[in-house]
Each structure stands twice: as C-alpha cells, then as structure tokens.
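Here are some short exercises to work through with the model open beside you. Try each task on your own before reading the solution.

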Amino acid sequence: MRTLVIETATAACSVALIEDGAVIARDHVVVGRGHAERLVPMIAALPDEGRADAILVDCGPGSFTGVRVGLAAARGLGIGWGVPVSGYSSLALIAAAALAEQPGDAVVAVLDGGHGEVFQQGFDGALIADGPAVSRKPADAVAALDGRRVVGQGLARLRTVDDGLPACDRLPDAADAVLLPMAQATLPPAPLYGRAPDAVPSVRG
C-alpha cells in the first residue's frame, strides 16, 4: 500500500510517499509562506505524480493558512483519486522523530503558535499524549516542561525565557510520518487549531 503524506502546517512544506512501511520518495523545503504555490508541483514531482492508495495530511496545530492549504489539497486529491484521507498532528510528528533518534521516557513538542505563544504537547515514550495540544506564553510553556526533554521550532521563543534550553528547533517533515503509530495517523482530516479562533462572529437578534 502506498500513502502520500502532506505537511504544510508550519514554515516548512513537505511531501513523501510511503510504501509498505518505507519512504520511497520525499521533498522538504522551508518556505515560510507560499505553501499553496509550492505544494502541487512538489506532489507532481514525486513518482507517478504522487498517486497513492491513501493520503495522510498534517491537521495542525500550526499556521491557520498552511493547515487549510494541506487539508484542501488532500481532500481534493482524495476525491479525484477515490482514496481515503486521514490526518495526523504536527506535534506528534515532531515527537515521533525525536523519540526515534533518542528513545526516552518523555518528550515535549513545541511549535510557534503566533501571538507570541507556542503550541505545546507532551508525549510519553510510546508517543501517547499527556493531554491535548495547548497554546501558551513562553514562560508558562517553560514551566510546563517539568524537566522533560523538549524539541521543535517553538524553542526559539522558549529560549527568550530560558537560554539554557537545547537547540532542537525541528520543523515537521512529511517523511517522518513513517514513524507514527496507527493511533496517531488516523485522525479525522479536520483542522487542529490548538486554541480558540481569534475572533468569534457576534450574534445579532
């Protein structure tokens, strides 16, 4: 079985083809913005133009626009190819890669959440989350580490509070989806925002 993996939730834009548990093709670039323009050509450059039996897409948390770009592409291709689409979390992906490189008891993944905050979520050695992803101010996020190992691009913000934190500023990479257990790769293909919307429309009577 071949799976196309899409990751556009952060400053990176990446795609990968996974077949029978192995990565057979991948591309990963740090674009900042412009995921919509980069994503389709990256998929088209994969073997068989990325055609797969299933699609796995990053649902966030991350950039509001980036998350929606990936989901829209995944859903569109899923309809066009007639294949199932499922999701995964950007934070779980970062944690999975960190645990694969250095197995341990626990790891906390952090990503830039905008508004001066970070998205944060802790995982045990089996990649089971200790709770939902949350958005925190850097000082609160550092306090919540509780001595656990921390990885992710959000570390740049945390080091403004604690400059002794490590330089493990990892961005998600679609190819690392091969490391996700089934429970972390079967989420509904819907946005995981990590916090409430910035604005809620008023209700007029």
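**Exercise 1. Find the loop that holds D20, and decide whether D20 is buried or exposed.**

Step 1: D20 sits in the loop between β2 and β3. Helices (H or I, at least four residues) and strands (E, at least two) are DSSP runs, numbered from the N terminus.
Step 2: Its relative accessible area is 66%, so D20 is exposed. Buried means under 20% relative accessible area, exposed over 50%, and partly exposed in between (1.4 Å probe, protein chains only).
Step 3: Now look at the backbone: D20 has a positive phi of about 50°, although it is not a glycine.

A word on the source: this is a predicted model, in which local features need pLDDT of at least 70 and side-chain atom pairs count only at pLDDT 80 or more, while totals for chains, interfaces and linings use all residues. Residues are numbered from 1 along each chain as its sequence is written, and side-chain values use heavy atoms, with hydrogens and water left out.

**Exercise 2. Describe the backbone at E49 and at the bond between G60 and P61.**

Step 1: E49, a residue other than glycine, has a positive phi near 55°.
Step 2: Place E49 in the loop between α1 and β4; with a relative accessible area of 57%, E49 is exposed.
Step 3: The peptide bond joining G60 and P61 is cis, with omega about 0°. P61 belongs to the loop between β4 (54-58) and α2.

**Exercise 3. Which residues of α1 are buried, and which are exposed on the other side?**

Step 1: The buried residues of α1 are H35, L39, M42 and I43.
Step 2: They lie on the same side of α1 because they cover an arc of only 95° around the axis. That arc is taken from the directions from the helix axis to the C-beta atoms.
Step 3: A reminder helps here: an α-helix has 3.6 residues a turn, so residues three or four places apart point the same way.
Step 4: On the other side of α1, E37 and V40 are exposed.
Step 5: The cover over the buried residues of α1 includes β1 (2-7), β2, β3 (22-30) and α2.

**Exercise 4. Describe how α1 and α2 cross, and which residues make the contact.**

Step 1: The axes of α1 (residues 35-44) and α2 (residues 64-81) come within 10 Å and cross at roughly 35°. Axes are lines fitted to C-alpha atoms, for helices over the stretch in contact, and angles run from 0 to 180 degrees between N-to-C directions.
Step 2: H35, A36, L39 and I43 of α1 meet V69, G70, A73 and L77 of α2, where contact means heavy atoms within 4.5 Å.

**Exercise 5. Which residues touch the most other members of the largest nonpolar core?**

Step 1: In this core of 25 residues, they are V5, V107, F123, L127, A177 and L180. A nonpolar core is a set of buried Ala, Val, Leu, Ile, Met, Phe, Trp, Tyr and Cys residues joined through side-chain atoms within 4.5 Å.
Step 2: At least two residues of this core come from each of β2 (12-19), α3 (90-101), β6 (106-114) and β7 (117-124). The most come from α3, with 8 residues.
Step 3: Not counting residues up to four places away in sequence, L180 touches Y88, A92, L93, A96, L127 and A185.
Step 4: A second, separate core has 24 residues, among them L39, A52, I55 and W81.
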